[in-house]
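Subject: Handing over the structure

Hi there,

Here is the structure I promised to pass on to you. Have a look at it first, and then read on for what turned up.

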Amino acid sequence: MTRATVGDGIAVARLACHGSTLSLYAHYWDLVRGLYGHLALEDIRASHVRAAADLAAEVAVRRRTSVDGRSAAEHMLAACRKLFAVAQADGLCPGNPAALV
């Protein structure tokens, strides 16, 4: 039996989101796919999620009113929480490491 990858989980999570939620999370899921898309969902740890949030903050577009990418990091965490919640509900992974961050 093959284990579901992060890329597989993202494909499933995209089907579970609509409208503005999908528009927001799609960017962050693309970043996660680039980082961890080849890894099995069950191999992802809270430290992976934290690293993805840190990357999102680092590459965030800086505007005059921005606060060091904090919103981007929070949006990444929300996108990861949704990804793993959907994957867990569908039986693709045993837990939600993003909920620990």
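What volume does the largest cavity have? It comes to about 40 Å³. Please keep in mind that this is a predicted model, so all the values here are computed from it. The structure holds 1 cavity of 30 Å³ or more.

The residues that line the largest cavity are Val32, Tyr36, Ile44, His48, Val49, Ala52, Cys80, Leu83 and Phe84. Helices α2 (19-36), α3 and α4 are the elements that give two or more residues to this lining. Sorted by class, the lining has 8 nonpolar residues, 1 polar residue and no charged ones.

One of the lining residues, His48, is worth selecting in your viewer. His48 sits in helix α3, which covers residues 46-59. Its side chain reaches the backbone nitrogen of Arg45 at 2.8 Å. If you leave aside the neighbours of His48 within four places in sequence, its contacts are with Tyr36, Leu39 and Asp43. Tyr36 also appears in the cavity lining.

Next, how do α3 and α4 cross, and at what angle? The axes of α3 and α4 (residues 70-89) come within 7 Å and cross at roughly 145 degrees, and the crossing is right-handed. On the α3 side, the residues that take part are Val49, Arg50, Ala52, Ala53, Ala56 and Ala57; from α4 they meet Ala72, Ala73, Met76, Leu77 and Cys80. This contact divides into 10 nonpolar residues, no polar ones and 1 charged one.

The two parts of the picture share some residues: Val49, Ala52 and Cys80 belong to the contact of α3 with α4 and also line the largest cavity.

Enjoy exploring it!

Best wishes

Definitions and conventions:
Residues are numbered from 1 along each chain as its sequence is written. This is a predicted model: local features need pLDDT of at least 70, side-chain atom pairs count only at pLDDT 80 or more; totals for chains, interfaces and linings use all residues. Side-chain values use heavy atoms; hydrogens and water are left out. Helices (H or I, at least four residues) and strands (E, at least two) are DSSP runs, numbered from the N terminus. A polar contact is a pair of N or O atoms within 3.5 Å; within protein, one must be able to donate a hydrogen and the other to accept it, and residues adjacent in sequence count only if both atoms are side-chain atoms. Contact means heavy atoms within 4.5 Å. Axes are lines fitted to C-alpha atoms, for helices over the stretch in contact, and angles run from 0 to 180 degrees between N-to-C directions. A crossing is left-handed if the near helix is turned anticlockwise from the far one by less than a right angle, and right-handed if clockwise. Ala, Val, Leu, Ile, Met, Phe, Trp, Tyr, Cys and Pro count as nonpolar, Asp, Glu, Lys and Arg as charged, and the others, Gly among them, as polar. On a 1 Å grid over the protein atoms alone, a cavity is a set of points where a 1.4 Å probe fits but cannot get out, and a pocket is an open set with protein on both sides within 12 Å along at least five of seven lines; lining residues have an atom within 4 Å of a point. Grid points are joined across faces, edges and corners, and a volume is the space filled by probe spheres set on the points.
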